[in-house]
Amino acid sequence: MIPNLKIMICGKGGSGKSAISVLAARLLSKKYDVYLIDSDESNTLLPRILGVDPPKPLVEYLGGRNNIFKRGEINIVNALAKAGKGIALSDLPAGYVSTSPEGIKLVIIGKVRNYGEGCACPLNYLTRVLLKNLVLRGNELVLVDTDAGIEHVGRGVEEGSDAILAVVDPTAESLLLAKTLKDLFEHLNKRFWIVLNKATPGITDLIKEKAKDLNLQIDGVISFDEEIFKSCLEGEVLRAGRSLLDMEKLLRSMNLL
């Protein structure tokens, strides 16, 4: 088992990052103290499928988006850190963390919700600063559900992570994005895995062949799961069948279970 990891979960919009994040968190919470960080500034579904009330956004703890944009990195760090020892999620005030029945702790960076509110740059910046200065204690492990695409890459968010899990669905666009992520992170010497999500028997071999053409390796396959689609459509706690077993197999291959 390898605690004290910060794992980014990346991929194109609609690939299933949030569902993958919840499945992984459920299984990992049996071995670790899991924090799930919601850094997607647009999607609000994660608390509902995790089964918790949304906590206050971390951006509010620092005085709001505009203050973060005007302040510098050092001021953000000072606002979060304790005596220069770095940021510990367990030190966040009550209300900024929600805990699921399995013990998974959810932290939300912030959301863009109002007309003319501006871009997500300050929120990506906050995620980057948080991860770079995050100190994990004991048996803690952090999963980060990112925003869609690769804007977070341009903001250097992954710099503070230890590993990247790229989620692909059965589309060429998804594979090309995974290729971009792999190429961008190769020089950073971070652990990198690719999981195929929403897989059906007839399409899995074809996707694997397409991945080989791009010099990519599919490290795990999560089956198409109608229960997951239904719970996401209804905005309810995530229900999973075979996909949970697939995720367990993937995490074992990653030496996380």
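**Briefing: overall fold, helices H8 and H9, and selected residues**

Phe-229 is partly exposed, with a relative accessible area of 39%. That residue belongs to an aromatic pair taken up below, and the structure in which it is found is a predicted model. The protein chain has 257 residues, of which 52% count as buried, and its secondary structure comes to eleven helices and eight strands.

**Overall character of the chain**

- The accessible surface of the protein chain comes to about 11,500 Å², and 51% of that surface belongs to carbon and sulfur atoms.
- When contacts in the protein chain between residues at least 6 apart in sequence are considered, 80% of them join residues at least 24 apart.

**Aromatic rings and a charge over a ring**

- A search of the whole structure finds one aromatic pair, and this pair is formed by Phe-224 and Phe-229, with 4.9 Å from centre to centre and 35° between the planes, an arrangement that is tilted.
- A plane angle under 30 degrees would count as stacked and one over 60 as edge-to-face, so the remaining angles are called tilted, and the 35° between the planes of Phe-224 and Phe-229 is described in that way.
- Phe-224 is partly exposed, with a relative accessible area of 43%, and its partner Phe-229 is also partly exposed, at 39%.
- Elsewhere, the charged end of Lys-105 sits over the ring of Tyr-35, at 5.6 Å from the centre of that ring.

**Helix H8**

- Helix H8 runs over residues 172–185 and has 14 residues, and it reaches 20 Å from its first C-alpha to its last, which is close to the 20 Å expected at 1.5 Å a residue.
- The buried residues in H8 include Ser-174, Leu-175, Leu-177, Ala-178, Leu-181 and Phe-185; seen down the axis of H8, its buried residues fall within an arc of 160°, so they line one face of the helix.
- Ala-172 and Glu-173, by contrast, are exposed on the other side of H8.

**Helix H9 and its surroundings**

- In helix H9 (residues 201–213) the buried residues are Thr-204, Ile-207 and Ala-211; they cover an arc of only 70° around the axis, which puts them on the same side of H9.
- The other side of H9 carries the exposed residues Gly-202, Asp-205, Lys-212 and Asp-213.
- The buried residues of H9 pack against H8, against S7 and against strand S8 (220–223).
- After H9 comes Asn-215, whose phi is positive, near 60°.

**Positive phi in residues other than glycine**

- Lys-198 has a positive phi of about 60° although it is not a glycine; this residue lies in strand S7 (residues 191–199) and is partly exposed, with a relative accessible area of 23%.
- Asn-255 is a residue other than glycine with a positive phi, near 60°, and its place is in the segment after helix H11 (242–253).

**Residues that join distant parts of the sequence**

- Ser-223 lies in strand S8 and counts as partly exposed at 21% relative accessibility.
- The C-alpha atoms of Ser-223 and Thr-200 are separated by 6.1 Å, while the two residues are 23 residues apart along the chain.
- Leaving aside residues up to four places away in sequence, Ser-223 touches Lys-198, Ala-199, Arg-242, Ser-243 and Asp-246; among these partners, Lys-198 is the residue of strand S7 with the positive phi described above.
- Ser-100 has its place in the loop between strand S3 (98–99) and strand S4 (105–108), and at 5% relative accessibility it counts as buried.
- Ser-100 and Asp-53 are 47 residues apart along the chain, and their C-alpha atoms are separated by 8.9 Å; not counting residues up to four places away in sequence, Ser-100 touches Leu-50 and Val-52.
- Arg-26 lies in helix H1 (residues 17–28) and is buried, with a relative accessible area of 15%.
- The residues that Arg-26 touches, not counting those up to four places away in sequence, are Ile-49, Glu-102, Ile-104, Val-237 and Leu-238.

Technical notes
Residues are numbered from 1 along each chain as its sequence is written. This is a predicted model: local features need pLDDT of at least 70, side-chain atom pairs count only at pLDDT 80 or more; totals for chains, interfaces and linings use all residues. Side-chain values use heavy atoms; hydrogens and water are left out. Helices (H or I, at least four residues) and strands (E, at least two) are DSSP runs, numbered from the N terminus. The expected span of a helix is 1.5 Å times one less than its number of residues. Buried means under 20% relative accessible area, exposed over 50%, partly exposed in between (1.4 Å probe, protein chains only). The arc is that of the directions from the helix axis to the C-beta atoms. Rings of Phe, Tyr and Trp (its six-membered ring) pair if their centres lie within 6.5 Å; planes under 30 degrees apart count as stacked, over 60 as edge-to-face and the rest as tilted. A charge sits over a ring if NZ of Lys or CZ of Arg is within 6 Å of the ring centre and within 35 degrees of the ring normal. Contact means heavy atoms within 4.5 Å. Accessible areas come from the Shrake-Rupley method with a 1.4 Å probe; for residues, only the protein chains shown count as cover.
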